[in-house]
Amino acid sequence: MTTRRNVLLGMVGLFAAACSPPPGPGGRGSGTVVCICAHPDDAESGCGGTLIRLVRSGYHVKVIYTFAGGIPGKRGREVVETRREEAKHACHLMGAEPIFLFDENGTSKLDTPWLPTLVADLKKADPEMIFAHWSMDSHPDHQMAALLAFRAAQGLDALPEMYFFEVEHGRQTMAFDPSVYVDITAVRADKVKALMAHESQDPMKLYKRDHEQMELFRGREAGYGAAEAFIPLRAGYTRLTDALD
């Protein structure tokens with residue numbers, strides 16, 4: 001008998017299996033990096049260049065999408081399926097693995113009662129780094145994804161380094177004062193290709209309006225051609241910069 005509980009348990013089990021660290025040697029890194037974001041295209045726009053660089057440094061990168069989001073003029077199953085396929089394509093271009101934790105209506109399954117199971121699965125994944133939304137954001141889905149990621153990470157025996165990213169700064173992300181910068185100049189074109197996979201979102205319009213300017217501004221702050229910026233959960237984190245040196 002199919003019940004909501006069974007469906008949820010099945011999705012969490014999928015998350016556990018998909019997040020198991022891969023065997024064998026990698027590059028400078030050979031562990032797992034997990035990015036927990038709200039919608040397909042949030043991780044790509046907020047930290048896509050960094051994720052690409054981590055993949056190319058030998059890390060196994062998982063991108064967890066917790067909501068399907070929307071498509072103007074469409075609704076229901078068509079939205080869910082379209083955004084899922086676009087995310088698969090984007091992750092293929094980045095070299096990452098997509099994980100979907102939203103139901104057939106596009107609603108997140110990462111609600112509070114399932115946090116203990118999520119924590120257990122994160123323990124199995126043993127991520128070296130977690131990337132998540134900054135919680136001061138105008139979009140309620142971003143707020144929820146940020147909070148759930150933080151609460152799940154707190155339940156681990158050893159808290160991995162956690163980095164918060166920005167999206168549509170000033171329009172969505174607010175009060176963001178970063179202290180960690182990643183040079184994405186060399187992978188910027190690859191990041192844009194991943195963003196363009198989200199055809200339903202008019203990605204070039206959004207990129208030109210928001211994220212291109214963010215990349216150039218953060219690059220100017222850090223002395224790079226283009227950069228992505230992060231707020232670390234704790235000062236003094238070095239794993240991210242060490243992995244990419």
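Once its neighbours within four places in sequence are set aside, Ile-231 is in contact with Trp-134, Met-162, Tyr-163, Phe-164, Phe-176, Asp-177 and Pro-178 in this predicted model. Ile-231 belongs to strand β7, which covers residues 227-232. Its relative accessible area is 12%, so Ile-231 is buried. One of its partners is Met-162; the two residues are separated by 69 residues in sequence, while their C-alpha atoms are 8.6 Å apart in space.

This residue is a handy way into the chain as a whole. The chain holds 8 helices and 7 strands. Of its 245 residues, 53% are buried. Among contacts in the chain with a separation of 6 or more, 82% join residues 24 or more positions apart.

A second residue worth a visit is His-142, found in helix α5, which runs over residues 140-154. His-142 has a relative accessibility of 1% and therefore counts as buried. Apart from its neighbours within four places in sequence, His-142 touches Ala-38, His-39, Asp-42, His-133, Asp-137, Val-167 and Gln-172. The helix around this residue has other buried members too: Asp-141, Ala-145, Ala-146, Leu-148, Ala-149, Ala-152 and Ala-153 are buried along with His-142. The length of α5 agrees with expectation, because its 15 residues should span 21 Å at 1.5 Å a residue and its end C-alpha atoms are 21 Å apart.

Asp-42, one of the contacts of His-142, leads on to helix α2, made up of residues 42-56. This helix has 15 residues and reaches 20 Å from its first C-alpha to its last, close to the 21 Å expected at 1.5 Å a residue. Along the way, α2 bends by about 80 degrees at Gly-48. The helix is mostly covered, with 12 of its 15 residues buried. The buried residues of α2 begin with the stretch Asp-42, Ala-43, Glu-44, Ser-45, Gly-46, Cys-47, Gly-48, Gly-49, Thr-50, Leu-51 and Ile-52, and also include Leu-54. Gly-58 follows α2 and has a positive phi, near 105 degrees.

How, then, is α2 placed against helix α6, and which residues bring the two together? The axes of α2 and α6, the latter spanning residues 188-196, come within 9 Å of each other and cross at roughly 125 degrees. This angle makes α2 oblique to α6. Their crossing is right-handed. On the α2 side, the contact is made by Glu-44, Ser-45, Gly-48, Gly-49, Ile-52 and Arg-56, and on the α6 side by Asp-190, Lys-191, Ala-194 and Leu-195. Gly-48, where α2 bends, is thus met again as part of this contact.

Helix α6 also has a second partner, helix α7, which takes in residues 203-222. The axes of α6 and α7 come within 11 Å and cross at roughly 150 degrees. Because angles over 145 degrees count as roughly antiparallel, α6 is roughly antiparallel to α7. The crossing of this pair is right-handed. From α6, the contact draws on Arg-188, Lys-191, Val-192, Leu-195 and Met-196; from α7, it draws on Pro-203, Met-204, Tyr-207, Glu-212, Glu-215 and Leu-216. Lys-191 and Leu-195 of α6 therefore take part in the contact with α2 as well as in the contact with α7.

Technical notes:
Residues numbered from 1 in each chain as written. Predicted model: local features only at pLDDT ≥ 70, side-chain atom pairs only at ≥ 80, totals over all residues. Heavy atoms only, no water. Helix = DSSP H or I, 4+ residues; strand = E, 2+ residues; numbered from the N terminus. Expected span 1.5 Å × (residues − 1). Bend = angle between axes of the 7 residues up to and from the residue. Buried < 20%, exposed > 50% of the residue type's maximum accessible area, 1.4 Å probe, protein only. Axes fitted to C-alpha atoms, helices over the stretch in contact; angles between N-to-C directions. Parallel < 35°, antiparallel > 145°, perpendicular 65-115°, else oblique. Left-handed = near helix turned anticlockwise from the far one by under 90°. Contact = heavy atoms within 4.5 Å.
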